[in-house]
Amino acid sequence: MSDRSRPQVVLGVAGGIAAYKACSLLRLLVESGAEVRVVPTASALRFVGAPTWAALSHQPVHTEVWDDVHEVPHVRLGQQADLVVVAPATADLLAKAAHGLADDLLTSTLLTARCPIVFAPAMHTEMWEHPATRANVATLRERGAFVLEPAEGRLTGTDTGKGRLPEPEQLFEVCQGILTREAGGQGQDLLGRRVVVSAGGTREFLDPVRFLGNRSSGRQGYALARAAVARGASVTLVAANSSLPDPAGVKVTPVVSTRDLRDAMLEATENADAVVMAAAPADFRPATYAEHKIKKTDDVSAPTVELVQNPDILAEIAQHRPRPDLVVVGFAAETGDEHGTVLEHGRHKLARKGCDLLVVNEVGAGKGFEALDNEAVIIGADGSETVVSRGSKDQLAHRIWDLVSVRLPARPDQAG
Ligand code: CTP
């Protein structure tokens with residue numbers, strides 16, 4: 001009997017070598033209090049056997065619709081689930097799901113589920129990029145499934161590329177994010193939306209070993225990316241020099257300097273519905289770059305570094321919007337001074353940059369940058385002011401997406 005007070009999760013496992021990573025995901029889900037039914041395909045059992053799944057989930061494990069027929073498992077599992085997550089999802093499984101095939105317990109469950117379904121694809125780069133797989137992924141996304149972007153890195157064997165299963169901890173975060181929203185009745189308000197987030201601090205190199213940088217950790221931007229995934233968005237994260245792990249399901253574009261960040265942001269925002277500039281780009285860069293390490297000389301006076309100004313990416317995106325309905329969000333890290341309060345500086349900045357929303361937070365003395373918590377006032381070009389009291393960066397991220405979500409134009413399927 002299932003315990004309805006606990007989140008009911010179906011963990012589908014398709015036949016790929018990454019099935020072994022699903023064991024760790026299963027453990028994390030069970031430890032978080034979820035009741036998990038593992039539904040492997042027959043080929044998944046060639047990689048990890050049924051006793052492993054049964055022992056880790058404390059639940060029976062079936063592959064075919066012919067076991068326990070009196071309980072009609074092919075219908076019941078999907079109907080009762082709060083979340084179905086398929087990890088790894090192979091090219092074959094995605095194809096079957098896209099075409100509505102139902103020849104085993106997992107594919108039947110996918111057809112009966114009325115809850116969010118997450119596919120975490122894992123396969124070789126060539127299979128992921130094949131037009132057949134692209135079309136299947138597009139079909140599943142159109143129907144409202146979350147098809148996460150695979151991670152990049154080592155694949156089976158010695159090759160590397162896009163196609164890795166994201167790490168279990170990252171997949172678990174995605175599941176938790178979706179379950180939390182479902183439990184709160186909030187749903188996936190960013191489903192089908194493309195959002196771009198920047199994170200981290202840029203570096204401006206003086207020579208091959210020295211750079212001008214800043215203290216941004218990237219945490220707020222990463223939290224925004226995770227939160228957007230949990231709300232169904234397709235997310236590009238342009239990450240400047242962050243050491244944080246790639247969030248699951250997010251397309252991560254690493255950059256170094258402000259000019260790299262600008263190029264990546266302009267490209268990524270071309271087809272986007274919303275953009276959030278959470279990165280801290282360096283406003284200035286050295287006027288020249290020395291190809292070789294700058295050496296001390298006998299001359300006791302230190303060399304002078306001449307700086308030139310970097311482009312203002314937020315202002316550029318806000319003022320030359322690739323789409324008129326693009327929602328543009330900036331951050332303002334401020335300290336009050338003799339010219340005005342934190343909020344006055346924020347209002348001024350919002351107008352100067354031309355963005356729709358500006359998240360104003362006070363920095364200095366343990367606030368902002370490396371802190372784990374954040375508090376802010378989100379001001380809108382429409383005069384709105386939303387106070388977000390001290391809480392986690394994930395909480396602030398969700399408040400930001402709440403405000404973005406209501407500013408997005410209705411999707412074609414919502415019109416009328
Ligand atoms: N920003 C940007 N490009 C820059 C500098 C900042 O896009 N070259 C963005 C940041 O990502 C942030 C917002 O602009 O979303 C405000 O950043 P902040 O450093 O507070 O603003 P500045 O324009 O640098 O203003 P200030 O003179 O206060 O430093």
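Which side chain places a polar atom 2.8 Å from an oxygen atom of the ligand? In this predicted model, that side chain belongs to Asp283. Two further polar approaches complete this part of the picture. At Phe331 the partner is a polar backbone atom, which lies 2.8 Å from a ligand oxygen atom. Lys353 contributes a polar side-chain atom at 2.6 Å from an oxygen atom of the ligand. The ligand taken alone exposes 570 Å², and the protein buries 78% of that area.

Around the ligand there is a shell of 15 residues, and the closest are Ala279, Leu314, Phe331, Lys349 and Lys353. Phe331 and Lys353 thus come up twice, being among the closest residues as well as offering the backbone atom and the side-chain atom described above. By residue class, the shell holds nine nonpolar residues, one polar residue and five charged ones. Three elements each supply at least two of the shell residues: helix H12 (313-319), strand E16 (327-334) and helix H13 (342-353). Strand E16 gives the largest share, with four residues.

It is helpful to turn next to the space itself. The ligand occupies the largest pocket, which contains about 820 Å³ of space. In total, 33 residues line this pocket, and those nearest its centre are Ala279, Ala280, Pro281, Phe331 and Ala333. Ala279 and Phe331 also appear among the residues closest to the ligand. The lining draws at least two residues from each of H12, E16 and H13, and likewise from helix H10 (219-230). Its composition is 14 nonpolar, twelve polar and seven charged residues.

A second pocket also deserves a look. The second largest pocket has a volume of about 560 Å³ and a lining of 23 residues. Nearest to the centre of this second pocket are Arg141, Glu142, Gly192, Arg193 and Ser234. Helix H8 (131-142), strand E5 (146-147) and strand E11 (234-240) each provide at least two of its lining residues, and H8 gives the most, with five. The lining of the second largest pocket comprises ten nonpolar, five polar and eight charged residues.

Technical notes: Residues are numbered from 1 along each chain as its sequence is written. This is a predicted model: local features need pLDDT of at least 70, side-chain atom pairs count only at pLDDT 80 or more; totals for chains, interfaces and linings use all residues. Side-chain values use heavy atoms; hydrogens and water are left out. A residue is near a molecule or strand if one of its heavy atoms lies within 4 Å of it. A polar contact is a pair of N or O atoms within 3.5 Å; within protein, one must be able to donate a hydrogen and the other to accept it, and residues adjacent in sequence count only if both atoms are side-chain atoms. Accessible areas come from the Shrake-Rupley method with a 1.4 Å probe; for residues, only the protein chains shown count as cover. On a 1 Å grid over the protein atoms alone, a cavity is a set of points where a 1.4 Å probe fits but cannot get out, and a pocket is an open set with protein on both sides within 12 Å along at least five of seven lines; lining residues have an atom within 4 Å of a point. A molecule sits in a cavity or pocket if more than half of its atoms lie within 2 Å of its grid points. Ala, Val, Leu, Ile, Met, Phe, Trp, Tyr, Cys and Pro count as nonpolar, Asp, Glu, Lys and Arg as charged, and the others, Gly among them, as polar. Grid points are joined across faces, edges and corners, and a volume is the space filled by probe spheres set on the points.
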